[in-house]
Amino acid sequence: MRYISTRGQAPAVSFLDAVLAGLAPDGGLYMPENWPVIGRDNGWAFTRHFHNSAGIVLGAFGKPDLGEQDEFGESPARALADSAYGFLAADKNWHRAITPLVQIDGGEWILELFHGPSLSFKDVAMQLIGPLYDYALTLRNEKLSVVCATSGDTGGAAVEAIKGSARSDLFVLMPKGRVSDVQKRFMTASGAANVHAIDIDGDFDACQAIVKALFADRNFSQRARLSGVNSINWARIVAQSVYFQVAAHTLCAPGPVDFVVPTGNFGDAFSGYVAKMCGAPIRKIVLATNANDILTRALQTGRYERAAHSHATLSPAMDIQVASNFERIIFEAVGRDGAVVRRLYDQFAQSGGFDIPPQALAFLREHFDATAVSDAETAETMRATWKQSGYLACPHTAVGLRARQQVSGLGHPLVTLATAHPAKFPDTVEQATGMRPPLPAKHADLFSRPERIDTLPNDVEAVKRFIQERSRAWS
Ligand SMILES: *Cc1c(COP(=O)(O)O)cnc(C)c1O
């Protein structure tokens, strides 16, 4: 499978190149040249073990094309999926089912994605990316500096995936004072020498801007061998499409499944679209946003426009002004015309917004619906879900559960994604429900492990110096 840029001006690359690069050199995001048909032929397989499903999906997206000198293929894909999600992994870190479905009402399900090592859905992809990076780097005899900006959960998942790697160092930038204590501990208490947690004096968008600036400095990014694991990374999108396939096939009788996805960067939601393009029986994907509602406004008004500032909400992992993966669906919606994407995103860079062309908007509305949920509605939903179903939802999941009531015309089966364990947000959950969710036994010692964290100003040069001094890849 070859990968092309959404902006149409970068050469096509292999799967491993797309994964290691993150952004394409023309500033676009990588997309597969075409959609492999997976779900229709493998429906039965998706109702069994998660690691088999993941191996099939990763193999299809990593398949070497005829005549192409590629270093990846179906057999390494299956081996990596087995080690990330196989029975051994399940015993250590995961639920046996990896992503279990829980029924909360007639025809209504919660897809629990938070049973991995750092208790958020981001583990599902990141546990695969760790070994995938090591595989690629060993093959090429290279080292990497992985940088990531996090609003809370990406960082913890990246730490769990990369800690102890012989070939990658990890630099995690988090907004000071904006992540929960539990989230923070997952980044600062790994005990791994190759993991560097950094508090930045600024919000998440400031962290993201620093990471962008690091990549934009060609000299620095080459010398540090910089790579990213943010949600634009293609391997994350692919890995996350697996649970949509699994859930849709498991529940599909008698008809296709609707999904509600708590959304920030549009990564998880785009993964649902990928699963659908690959043949999974999916109808609508509902984008559930908090007060940071750029996606909801885009679908409702047809204008994708950055808000003046970001709002701090009860669901901090979704406090995001600009949904980076939205560019991928725009690429699809404008008929994969890189020149149009370039024009729209140039406008976005200059004026902070663009009008979605009418045909593209119709395309978006065919696949997606969207709604915004306030903090009061989020808390009320946590309370009601606990009372009615005995289910403790994290605040992000609650945004999804509320969204399913606000959007009309949804069918059954209806699946809401549970994106984090409630124990990651114990104060919010306790305030809403009166119940304080305990950490799972495997993390009982989280608050007694030693912490290591550095604080840096909201300044690109300071971050560059910090990385240069610590990266084993620097040359
Ligand atoms: C990251 C995250 C989200 C948003 O996911 P996107 O892929 O950025 O849309 C939602 N909930 C939780 C708990 C998260 O960590």
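Strands here are DSSP runs of E with at least two residues, numbered from the N terminus. With that in hand, take S227 in this predicted model: the residue lies in strand β8, which covers residues 226–228.

**A serine inside the protein**

Is S227 buried or exposed? Its relative accessible area is 0%, and the cut-off for buried is under 20%, so S227 counts as buried. The side chain of S227 has a partner, too: one of its polar atoms lies 2.7 Å from the backbone oxygen of L20.

**The ligand and its shell**

Now to the ligand, which sits in the largest cavity. How many residues surround the ligand? There are 15, and the closest are K122, D153, G264, N265 and T419. Sorted by class, the shell holds six nonpolar, six polar and three charged residues.

Three of the polar contacts to the ligand are set out here.

| Ligand atom | Protein partner | Distance |
|---|---|---|
| oxygen | G264, polar backbone atom | 2.8 Å |
| oxygen | N265, polar backbone atom | 2.8 Å |
| nitrogen | T419, N or O atom in the side chain | 2.8 Å |

So what does the cover look like? On its own the ligand has 380 Å² of accessible area, and the protein covers 98% of it.

**Backbone oddities**

Next, a few spots where the backbone does something less usual. Most residues other than glycine have a negative phi, and most peptide bonds are trans.

Start with F266, whose number follows directly on N265, one of the residues closest to the ligand. Phi of F266 is near 65°, a positive value in a residue that isn't glycine. You'll find F266 in the loop between β9 (257–262) and α12 (267–277). Its relative accessible area is 1%, against a cut-off of under 20%, so F266 is buried.

L119 also has a positive phi, near 65°, and again the residue is not a glycine. Where does L119 sit? Its place is in the loop between β4 (108–112) and α6 (122–140). L119 counts as buried because its relative accessibility is 1% and buried means under 20%. K122, among the residues closest to the ligand, has the number at which α6 (122–140) begins.

Finally, there's a cis peptide bond: it joins H412 and P413, with omega at about -5°. P413 is placed in the loop between α18 (395–406) and β14 (414–418).

Terms used: Residues are numbered from 1 along each chain as its sequence is written. This is a predicted model: local features need pLDDT of at least 70, side-chain atom pairs count only at pLDDT 80 or more; totals for chains, interfaces and linings use all residues. Side-chain values use heavy atoms; hydrogens and water are left out. A residue is near a molecule or strand if one of its heavy atoms lies within 4 Å of it. A polar contact is a pair of N or O atoms within 3.5 Å; within protein, one must be able to donate a hydrogen and the other to accept it, and residues adjacent in sequence count only if both atoms are side-chain atoms. Accessible areas come from the Shrake-Rupley method with a 1.4 Å probe; for residues, only the protein chains shown count as cover. On a 1 Å grid over the protein atoms alone, a cavity is a set of points where a 1.4 Å probe fits but cannot get out, and a pocket is an open set with protein on both sides within 12 Å along at least five of seven lines; lining residues have an atom within 4 Å of a point. A molecule sits in a cavity or pocket if more than half of its atoms lie within 2 Å of its grid points. Ala, Val, Leu, Ile, Met, Phe, Trp, Tyr, Cys and Pro count as nonpolar, Asp, Glu, Lys and Arg as charged, and the others, Gly among them, as polar. Helices (H or I, at least four residues) and strands (E, at least two) are DSSP runs, numbered from the N terminus. Buried means under 20% relative accessible area, exposed over 50%, partly exposed in between (1.4 Å probe, protein chains only).
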